[in-house]
Amino acid sequence: SFVPKVDILENEKGYEINVAVPGLSKEDFKIDLNDNFLTVSGERKFSKEKKENNLHVVETQYGNFSRSFALPENVDASKINASYTNGILEITIPKDEKKTLKTTIKVN
């Protein structure tokens, strides 16, 4: 198994999780949401080289992977979207503008 590298970004509209997993197809990913935990999993399989090639070094990691992320309460889970381009799985998680995590209360 291996652990892919991840970048997490936030802006005023939502969150973005970028997972670096080159060499896969979009069908190789499984993305689950359970109790505000987003889990990304999959498998990168080792492809056998042709017998006439001599393989000297293999630095690419292969096997199963799984990464989980705790999502804040102010996300709109029904609008989470994922795309896979150039080896990066990009998951966009919009904020729900009706939910707020921070409120200032005025003292009377």
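**Asn18, its sheet and the nonpolar core**

Asn18 is buried, since its relative accessible area comes out at 13%, below the 20% cut-off for that label. Keep in mind that this is a predicted model. The residue lies in strand 2, which covers residues 14-20. On the polar side of things, the side chain of Asn18 makes a polar contact of 3.1 Å with the side chain of Glu16. Setting aside residues up to four places away in sequence, Asn18 also touches Lys5, Val6, Asp7 and Leu9, along with Ile88, Leu89 and Glu90.

Zooming out to the sheet, four strands form an open, antiparallel arrangement in the order 1-2-7-6. Strand 1 (5-10) and strand 6 (81-85) sit at the edges; each has just a single partner strand, so one side of each has no neighbour in the sheet. From one strand to the next, the twist averages 15°. Strand 6 runs antiparallel to strand 7 (residues 88-94), and five bridges join the pair. Thr85, for instance, has Ile88 in strand 7 as its bridge partner.

Then there is the packing. The largest nonpolar core counts 16 residues, and Ile17, Val21, Phe65, Leu89, Ile91 and Ile93 have the most contacts inside it. At least two residues of this core come from each of strand 2, strand 4 (37-44), strand 5 (63-70) and strand 7. Val21 gives a feel for the surroundings: leaving out neighbours within four places in sequence, its contacts are Pro4, Phe29, Arg44, Phe65, Tyr84, Gly87 and Leu89. Leu89 turns up in the contact list of Asn18 as well.

How values were computed. Residues numbered from 1 in each chain as written. Predicted model: local features only at pLDDT ≥ 70, side-chain atom pairs only at ≥ 80, totals over all residues. Heavy atoms only, no water. Buried < 20%, exposed > 50% of the residue type's maximum accessible area, 1.4 Å probe, protein only. Polar contact = N/O pair within 3.5 Å; in protein donor to acceptor, adjacent residues only side chain to side chain. Contact = heavy atoms within 4.5 Å. Pairing = 2+ DSSP bridges. Axes fitted to C-alpha atoms, helices over the stretch in contact; angles between N-to-C directions. Core = buried A, V, L, I, M, F, W, Y, C linked by side-chain atoms within 4.5 Å.
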